[in-house]
Amino acid sequence: MAVLVHCQDAAAFVGEVGYTELAAHPEALDQLRADMRLDGWHDEKQLEHFLTHLGDGATAMLFRCTVCGAHLAYADAS
């Protein structure tokens with residue numbers, strides 16, 4: 001399982017989520033988009049297709065910072 005760090009501490013795992021649940025946390029969705037672009041997802045159409053179909057086979061993992069409460073997300077797109 002991925003471990004995300006925020007505020008110099010490990011974030012708490014909230015659970016596996018699909019797009020609908022992830023969209024309720026726009027800061028986590030934006031962070032996931034940025035991370036995926038850094039990982040080589042340069043085609044915006046493919047990236048958005050992948051994200052909007054989370055829950056249909058692939059899922060994201062939602063985390064919450066234990067210091068500030070910010071939400072973060074991770075999806076293994078390999």
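The following paragraphs lead through a predicted model, beginning with its paired strands and ending with a helix and the elements that cover it.

Strand E4, residues 60-64, is a convenient starting point. Of the 5 residues of E4, 4 are buried, so the strand is largely enclosed by the rest of the structure. E4 has partners in E3 and E5. It runs antiparallel to E3, to which 5 bridges join it, and it also pairs with E5 in the antiparallel sense, over 4 bridges. Met61 illustrates both pairings: it is the bridge partner in E4 of Glu16, while its own bridge partner in E5 is Tyr74. The hairpin formed by E4 and E5 has 6 residues between the strands, and in this hairpin Gly69 takes a positive phi near 85°.

Within E4, Leu62 deserves a closer look. Its relative accessible area is 4%, and because the cut-off for a buried residue is under 20%, Leu62 is classed as buried. Which residues does Leu62 touch, when those up to four places away in sequence are not counted? They are Ala12, Phe13, Val14, Gly15, Val17, Leu22, His25, Ala28, His71 and Leu72. Leu62 and Ala75, 13 residues apart in sequence, have their C-alpha atoms 9.0 Å apart in space.

His71, one of the residues touched by Leu62, lies in strand E5, which comprises residues 71-74. With a relative accessibility of 16%, His71 also counts as buried. Its side chain makes a polar contact of 3.4 Å with the side chain of His25. Once neighbours within four places in sequence are left aside, the residues in contact with His71 are His25, Glu27, Ala28, Leu62, Phe63 and Arg64. His25 and Ala28 thus appear among the contacts of His71, and both are touched by Leu62 as well.

The aromatic rings provide a further view of the arrangement. The model contains 2 aromatic pairs. In one of them, the ring centres of Phe13 and Phe63 are 5.5 Å apart and the planes meet at 65°, so the pair is edge-to-face. Since Phe13 belongs to strand E3 (residues 12-17) and Phe63 to strand E4, this pair ties together parts that are 50 residues apart in sequence. Are the two rings' residues buried or exposed? Phe13 is partly exposed, at a relative accessible area of 36%, whereas Phe63, at 2% relative accessibility, counts as buried. Trp41 and Phe50 form an aromatic pair that is tilted, with 5.0 Å from centre to centre and 45° between the planes. Phe50 is buried, its relative accessible area being 16%.

The last element considered here is helix H2, residues 26-38. At 1.5 Å a residue, its 13 residues should span 18 Å, and the end C-alpha atoms are indeed 18 Å apart, so expectation and model agree. The buried residues of H2 are Ala28, Leu29, Gln31, Leu32, Arg33 and Met36. What covers them? The cover of these buried residues includes helix H1 (19-23), helix H3 (44-52), E4 and E5. Ala28 offers a specific instance, as it is in contact with His71 of E5 and is touched by Leu62 of E4. Beyond the helix, H2 is followed by Gly40, whose phi is positive, near 110°.

Note on methods
Residues numbered from 1 in each chain as written. Predicted model: local features only at pLDDT ≥ 70, side-chain atom pairs only at ≥ 80, totals over all residues. Heavy atoms only, no water. Helix = DSSP H or I, 4+ residues; strand = E, 2+ residues; numbered from the N terminus. Buried < 20%, exposed > 50% of the residue type's maximum accessible area, 1.4 Å probe, protein only. Polar contact = N/O pair within 3.5 Å; in protein donor to acceptor, adjacent residues only side chain to side chain. Contact = heavy atoms within 4.5 Å. Expected span 1.5 Å × (residues − 1). Phe/Tyr/Trp six-rings, centres within 6.5 Å; stacked < 30°, edge-to-face > 60°. Pairing = 2+ DSSP bridges.
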